Amino acid sequence: MGAIGAHFFMEKTLDIIRKITNWLVIIFFIYMVLAVFYQALGRYVFHYKLGVAAETATYSQIWMVLLASGIAMRKNMHVGVDILLRTLKPKIQKIIVTISSIVTIIFLLMALKGTIMLISVGYESTSPALGIPMWIPYLSVPIGIIYIILELVILTLTKYMIYLRKMVD
C-alpha cells in the first residue's frame, strides 16, 4: 500500500470513528433524557424509585461527556483564554499553541495511565443497582481520553500544516 493508499485508509477510518462517535453521543443523550424522565415519572406519579434508571443515566452521561469532549476538540470548541495570545505575532502564536497541545497530550497520557488502575479496581467491584462489573462504566474514561488525544493530534497537525503552507506562500 503506497502513501496515497495509506492516507485514504486513514481518512476513511477516521471518518468511520467520527460517525460512530457522533451517533453514540446522540444515543447516550437520548437514553439519558428518557431514563431521567422515566425516573421522575416513577417517583412523582407512581411513587416508586428506579435506582436502575438513575445509575444507567449517570453512566450514559459519563460516556456522552467524554466522547463529546473529543468532538469539541475536533471542532476546536474547548474554552481557552487567548487574549494575550492574539497580541503576539503569528509565528509565536503557533509555537505557543503547539507547546500547549504537547503539554495537553502529555497530561492526557498520564491520565490514561491512571485509568488502567481504575479499571483494575473495577474488576473487583460491582455497581449498586445493576450489579455489573464497574470496569465496564470505567472503560468510558480511557476510551474518551484516547479519542480526545486522537482529535487533538489531528487538530495540532492540521494547524501546523496550514502554518507551513502559509510560510511557503
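Let us start at H47, which counts as exposed, with a relative accessibility of 67%. This histidine sits in the loop between α1 and α2. Its backbone deserves a look as well: phi of H47 is near 60°, a positive value in a residue other than glycine. Keep in mind as you explore that this is a predicted model.

Moving along the chain, you come to N76, in the loop between α2 and α3 (83-86). N76 is not a glycine either, yet its phi is positive, at about 55°. Its relative accessibility is 46%, so N76 counts as partly exposed, since the exposed class begins over 50%.

Now step back to the whole protein. Its secondary structure consists of six helices and zero strands, and from the N terminus the order reads α-α-α-α-α-α. The radius of gyration is 21 Å, well over the 15 Å that the globule rule gives for 169 residues, so the protein is more spread out than a compact globule. You can follow this in the C-alpha trace, which spans about 70 × 45 × 30 Å along its principal axes.

What share of the residues is buried? Of the 169 residues in the protein, 27% are buried. The accessible surface comes to about 11900 Å², and carbon and sulfur atoms account for 74% of that area. As for how the chain meets itself, take the contacts between residues at least 6 apart in sequence: 71% of these join residues at least 24 apart.

Charges come next. The protein has 15 positive and 7 negative charges, and the mean positions of the two groups are 7 Å apart. Some of these charged side chains pair up, and the count comes to three salt bridges.

One of them joins D15 and K19, with 3.4 Å from N to O. Both residues belong to helix α1 (residues 3-44), and because they are four residues apart there, about one helical turn separates them. D15 is partly exposed, with a relative accessible area of 33%, and K19 is also partly exposed, at 49%.

The other two salt bridges involve E151. In one, the side chain of E151 meets that of R18 at 2.7 Å, N to O. This pair links distant parts of the chain, as E151 is in helix α6 and R18 is in helix α1, 133 residues apart. Is E151 buried or exposed? Its relative accessibility is 1%, so E151 counts as buried, the limit for that class being under 20%.

E151 also forms a salt bridge with R74, at 3.6 Å from N to O. Here E151 lies in helix α6 and R74 in helix α2 (residues 51-74), so the pair ties together parts that are 77 residues apart in sequence. Through shared partners, R18, R74 and E151 are joined into one network of salt bridges.

To finish, stay with helix α6 (residues 140-168) and find L164, which lies within it. L164 is partly exposed, with a relative accessible area of 34%. From there, look across to S69: the two residues are 95 apart along the chain, and 27 Å separates their C-alpha atoms.

Methods
Residues numbered from 1 in each chain as written. Predicted model: local features only at pLDDT ≥ 70, side-chain atom pairs only at ≥ 80, totals over all residues. Heavy atoms only, no water. Helix = DSSP H or I, 4+ residues; strand = E, 2+ residues; numbered from the N terminus. Rg over C-alpha atoms; globule rule 2.2 N^0.38 Å. Buried < 20%, exposed > 50% of the residue type's maximum accessible area, 1.4 Å probe, protein only. Contact = heavy atoms within 4.5 Å. Areas by Shrake-Rupley, 256 points an atom, 1.4 Å probe, with all protein chains shown as cover. Lys, Arg positive; Asp, Glu negative; His and termini not counted. Charge placed at Lys NZ, Arg CZ, Asp CG, Glu CD. Salt bridge = Lys/Arg side-chain N within 4 Å of Asp/Glu carboxyl O.
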